[in-house]
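The following report goes through the surroundings of two ligands, then a hairpin, a loop residue and a helix. It is meant to be read beside the sequence and the coordinates.

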Amino acid sequence: MKTKAPLFIIWATVLLGGVFLWGGCSPQKSEPVKTVAIPDGEYDPAVWGQAYPLEYDSWLKSKEPNPPGSKYRKGWTGNGKFDKLSEYPYLALLFNGWGFGVEYNEIRGHHYMLIDQLEIDPSRLKAGGVCLTCKTPFAPKLKEELGPNYFKDPYLDVHAKIPVQFQRLGVMCIDCHDNKSMDLKLSRWTLQKALTEIGKDPKTLTRQEKRSLACAQCHVTYVIRKDKDMKSTDVFFPWQGSKEGDISIENIIKVIKSDPAYLEWKQTVTGFKLGFSRHPEYEVYSRNSTHWQAGVACADCHMQYMRVGVNKISNHNVGSPLAQGMVACQQCHAETADWLKARVLAIQDRTTSLLNRAGYSVAVAAKLFEIANQAQANGKSVNQDLYNQAKDLYAEAFYRINFIGAENSAGFHNPTEAARICGDAVAFAETSAALLRQALAQAGVEVPVNVNLELAKYLQKRGVKGLNFKPEEEFMDPYHIQELLTPDASLGLPVVAP
Ligand code: HEC
Ligand code: HEC
Ligand code: HEC
Ligand code: HEC
């Protein structure tokens, strides 16, 4: 890219008549079509839509099936959702013990966020009303009204307090916009608090910052704090001790480990209580990625400008840039759509290969703990010093694979960071396994070279729907290295009739 930079600037300036500001590299604000007063506290997007019909129309489109993006982000074609646990079978083993190991689907359009919660296996909603925090604009109001009960009351009880006509509607205009000025606005207390904690004043954000932070209201990881009865008492972003542009997995792990109240679930295979990461798009993207350093915002790639008649608007049907012909990228890059797509895929293939490596390493370590726990239950004495060291290393590995596995760009948002984290996960998992093998050998427990992962046990007949492994959805290592390391027979995958 370096050698192309000058050409790129000239191209952008000439072709687009200087609409790009190089510093932020973002297009100029397109003015709203017309201004009709939107009453304070108006939630209904249809009313906002009377003032801004073009944005409203494009927002409505997130209801329609999406063409597939890359092979890793297949969109939603209207024929059922894609099963993340079939895509990454080791996750079924690692997440066994709570809802994420039962039903975990790929995301689809913004329209569906509440619908998908209502349709998912009930084990996923056990945390309670807290799950609504990034799914409905009524969350801040419900939290005010219900106080601590907002977090812990049963999900369906809190959900029932949303006005009926909005009970199945996802992100709305009021989540991101001020009704008077239409400026971007952060409506979630979670992000306001998290920004303050990393030394950023939520009141003095620039427009370009808000073009990312509007998304960071939800596309971030979070912690649900538990009381001693495992009832939810709060939700917050584990950013304490981090800085803007430097929210690292290392610091997130530090926060998770700082208080037992942040350990949300118990992993069946190992019996360990652990924390959990969800969709850390903002954290991964903002940690020194090339695009972040160039001042590019989420909205530049996911809400690109589009022409509607004589007007130019931001596309409110957020989705994969690949599903939209790479026009978002071509606002800044002069290359062809095919060239750009190939760059994305090259990055994603490499990340997926490494993620496989890390995922299977962590899965093997988990199974070794199962063997060690079993041996102890049978009266063998396992060296506790080695066991505890292995346990610490295992947690480090687990949190890393969990983090990158939950990030939704398959590495594109920050290729080098994703690779770094997966590489470290492999190292932690392998060291953990080595210590455990040593402890087991000392205890006189024989362990096979290839530990059987028994994946069928975790993938078949999941939850109330009895979900099964869908082999056609699996993302195998595109370079076939994993096959050399983990023989088929030790996967223990379900035998599927041809
Ligand atoms: C430089 C462009 C770029 C920027 C900036 C960017 N993304 Fe992405 N994003 C992508 C690409 C490319 C993909 C992969 C799409 C695919 O594989 O089809 C992606 C994937 C995603 C996905 C999954 C999409 C799907 O269809 O499943 C989400 C969610 C997402 N990005 C959110 C964000 C958020 C939030 C930010 C800001 C913190 C952000 N992105 C910044 C380009 C970008
Ligand atoms: C997920 C956040 C989000 C939601 C929800 C959202 N918008 Fe936006 N909107 C944006 C962003 C980001 C921009 C670009 C703002 C900028 O560059 O200053 C934008 C821009 C706009 C603009 C300025 C003109 C333009 O197109 O760039 C209007 C008008 C607008 N949105 C209307 C709406 C309406 C009406 C709704 C509800 C139907 C809505 N928005 C929902 C994020 C959102
Ligand atoms: C109020 C919370 C919220 C906000 C704000 C939000 N998102 Fe999302 N986003 C979600 C959820 C939840 C999903 C998954 C919905 C589902 O699968 O039902 C999602 C899905 C997506 C997808 C996948 C869409 C598809 O068709 O596959 C992309 C891309 C995305 N968001 C990008 C963004 C960007 C960019 C912004 C900021 C402009 C943003 N989101 C703001 C919650 C949010
Ligand atoms: C708002 C402008 C902007 C948008 C939109 C944008 N890029 Fe970029 N991109 C940049 C800049 C600036 C650089 C750094 C260029 C340089 O300094 O050489 C860059 C760098 C890259 C690189 C090289 C990255 C590296 O680490 O070496 C790739 C690949 C790339 N972009 C692909 C994409 C794709 C694919 C999309 C759309 C999904 C996209 N870009 C959208 C501005 C943008």
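## The shell around ligand 2

How many residues surround ligand 2, and which are the closest? In this predicted model, ligand 2 is surrounded by 26 residues, and the closest of them are Glu 55, Cys 173, Cys 176, Ile 313 and Ser 314.

At least two residues of this shell come from each of the helices α2 (45–51), α3 (53–60), α10 (173–176) and α12 (207–216), and likewise from the strand β8 (311–314). Sorted by class, the shell around ligand 2 holds 16 nonpolar residues, together with five polar and five charged ones.

## The shell around ligand 3

Around ligand 3 there are 25 residues, of which Tyr 112, Asp 116, Cys 215, Cys 218 and His 302 come nearest. Two or more residues of this shell are given by each of α6 (113–119), α10, α12 and α16 (298–302), and α16 gives the most, with three residues.

The class division of the shell around ligand 3 is 13 nonpolar, eight polar and four charged residues. The elements α10 and α12 thus appear in the description of the shell around ligand 2 and again in that of the shell around ligand 3.

## The hairpin of β7 and β8

Strand β8, which supplies residues to the shell around ligand 2, is joined by four bridges to strand β7 (residues 305–308), and the two strands run antiparallel. Val 308 has Asn 311 of β8 as its bridge partner, and two residues lie between the strands of this hairpin, where Gly 309 takes a positive phi near 60°.

## Ala 323 in the loop after β8

The loop between β8 and α17 (337–377) contains Ala 323. This residue has 16 other C-beta atoms within 10 Å, and because that count falls between the limits of 12 or fewer for exposed and 20 or more for buried, Ala 323 is classed as partly exposed.

Once neighbours within four places in sequence are left aside, Ala 323 is in contact with Asn 66, Pro 67, Pro 68, Gly 69 and Gly 75. Ala 323 also lies 9.0 Å from Lys 74, C-alpha to C-alpha, although 249 residues separate the two in sequence.

## Helix α19 and the residue after it

Helix α19 covers residues 415–442, and its 28 residues should span 40 Å at 1.5 Å a residue, which agrees with the 41 Å that separates its end C-alpha atoms. Just after α19, Gly 444 takes a positive phi of about 75°.

Methods: Residues numbered from 1 in each chain as written. Chains lettered and ligands numbered in written order. Predicted model: local features only at pLDDT ≥ 70, side-chain atom pairs only at ≥ 80, totals over all residues. Near = placed C-beta within 6 Å. Nonpolar A, V, L, I, M, F, W, Y, C, P; charged D, E, K, R; others polar. Expected span 1.5 Å × (residues − 1). Pairing = 2+ DSSP bridges. Contact = placed C-beta atoms within 7 Å.
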